[in-house]
Amino acid sequence: MAAEQSTAARSVRRKIRVAIAEDDQQMSEAVSAEIQASEDLLLGPVYSSAQQCMADSDVLQCDVLLLDFELPDGNALEVIRQLRQRSSNRRPRILIFTAFEHEERLLFALEAGADGYLLKDTPLDLLLAEIQSVHLGASPIAPRLARAVLARFMGAGAAAGESPLTAAETRVLKLLALGMTYAEAARKLGISTHTLKNHVERIYRKLEVRARSAAIEKGRQLGIVV
C-alpha cells in the first residue's frame, strides 16, 4: 500500500519545466534528450538564438532556463536583462551553461541576475541534478570557477581593504586604467559596450567622481588599481 501511494505521489508531482537557449545543435539535442528521459523534468521550448528566447512569452512560464552565454545574435546578459524587464513577478531561474571558463563572465552573469553558472564539460547526469537544485533556490557554480573567484576575492580583500566596487566593476576600472577604450574593454570582458558603460556609471557613482581620470586616481588611492 505504501509503495502504491509513493508511486501515485510521483505521478501527480509537477515536473520542472526547462527551456533551453543553445545554438550548438548537437549539445541542444543531447541535453533535450536527457531532460525528456527524466522523471522529474519536462522539456519546454528550445531556442537557437537570443531573439527567439526574448520574443517568446512562453519562456516566462518555464521554471528554469538553461542559457548559453554566447548566442549568434546576443549574449546571456542581454537575455537576462530583457526577461527581467518583461516580468518582475514570473520568470524562470536562469542557469548559464557555457564553454567559457572566464571569471569575469561568471561575475557579470551573476550580477545581471543569473542563478548559476556551469561549464559544458559538466556530465549530463550532474547537469540534470543542478537544474533541480537551481529550481529549489540553490546557485550552482562550476567548481573550478568557484575556487578561482573565491581566491580572487580573498586576494582583493587583503590587498585593497574595503572596496566600494564589486569584483566586476573592479575589473572594468583596471582595464580602463590600462588605457583601453570602452569597446576594447568590452571585447576583453566578452560583454556589450552598453553593459560596460552601465558599470562605468556605477563606478563613478560609488567613487563620487565624474570623469574617467578621476575614477582611476580614486581607485589608486583606495588600492583598487595600481
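Helices and strands are here DSSP runs, helices of at least four residues and strands of at least two, numbered from the N terminus. With that convention, the second largest pocket of this predicted model can be described by its elements: strand S7 (116-119), helix H6 (124-135) and helix H7 (143-160) each supply at least two residues of its lining.

**The second largest pocket and the largest cavity**

The volume of the second largest pocket is about 160 Å³. Its lining consists of Leu118, Leu119, Asp121, Thr122, Pro123, Leu126, Glu130, Ile141, Ala142, Pro143 and Arg144, and these residues divide into seven nonpolar, one polar and three charged.

The structure also holds one cavity of 30 Å³ or more, and the volume of the largest cavity is about 30 Å³. Ile20, Ala21, Glu22, Met27, Val31, Leu66, Leu67, Asp68 and Phe97 line the largest cavity. Two or more residues of that lining come from each of strand S1 (16-21), helix H2 (25-37) and S3. By residue class, the lining of the largest cavity has seven nonpolar, no polar and two charged residues.

**The chain as a whole**

The protein chain contains 11 helices and seven strands. Of its 226 residues, 44% are buried, and the accessible surface of the chain comes to about 11,600 Å², with 51% of that surface belonging to carbon and sulfur atoms. Among the contacts in the chain with a separation of 6 or more, 66% are made by residues 24 or more positions apart.

**Four residues and their accessibility**

The table sets out four individual residues, each with its place in the chain and its relative accessible area.

| Residue | Place | Relative accessible area |
|---|---|---|
| Asp63 | loop between helix H3 (50-55) and strand S3 (64-67) | 5%, buried |
| Arg105 | helix H5 (residues 103-112) | 8%, buried |
| Thr193 | helix H10 (residues 193-207) | 33%, partly exposed |
| Glu208 | loop between H10 and helix H11 (212-222) | 70%, exposed |

Asp63 counts as buried because its relative accessible area of 5% falls under the cut-off of 20%. The side chain of Asp63 is joined to that of Arg14 by a polar contact of 3.0 Å, and the side chain of Asp63 also reaches the backbone nitrogen of Arg17 at 2.7 Å. When residues up to four places away in sequence are not counted, Asp63 touches Arg14, Lys15, Ile16, Arg17, Arg90, Pro92, Arg93 and His135.

Arg105, in helix H5, is likewise assigned to the buried class, because its relative accessibility of 8% is under 20%. A polar contact of 3.4 Å links the side chain of Arg105 with the side chain of Glu70. Leaving aside neighbours within four places in sequence, the contacts of Arg105 are with Phe69, Glu70, Phe100, Tyr117, Leu189 and Gly190.

Thr193, in helix H10, has a relative accessible area of 33% and is therefore partly exposed, that class lying between the 20% and 50% limits. Although Thr193 and Tyr182 are 11 residues apart in sequence, their C-alpha atoms are 6.3 Å apart in space. Beyond its neighbours within four places in sequence, Thr193 is in contact with Tyr182, Ala183 and Ala186.

Glu208 lies in the loop between H10 and helix H11. The relative accessible area of Glu208 is 70%, so this residue is exposed, the limit for that class being over 50%. Glu208 is not a glycine, and yet its phi is positive, at about 60°.

**Helix H8**

Helix H8 (residues 167-177) is largely enclosed by the rest of the structure, because eight of its 11 residues are buried. The buried residues in H8 are Ala167, Ala168, Glu169, Thr170, Val172, Leu173, Leu175 and Leu176. Just after H8, Gly179 takes a positive phi of about 95°.

Notes: Residues numbered from 1 in each chain as written. Predicted model: local features only at pLDDT ≥ 70, side-chain atom pairs only at ≥ 80, totals over all residues. Heavy atoms only, no water. Buried < 20%, exposed > 50% of the residue type's maximum accessible area, 1.4 Å probe, protein only. Contact = heavy atoms within 4.5 Å. Areas by Shrake-Rupley, 256 points an atom, 1.4 Å probe, with all protein chains shown as cover. Polar contact = N/O pair within 3.5 Å; in protein donor to acceptor, adjacent residues only side chain to side chain. 1 Å grid on protein atoms, 1.4 Å probe; cavity = no way out; pocket = protein on both sides within 12 Å on 5 of 7 lines; lining within 4 Å. Points joined across faces, edges and corners; volume = space filled by probe spheres on them. Nonpolar A, V, L, I, M, F, W, Y, C, P; charged D, E, K, R; others polar.
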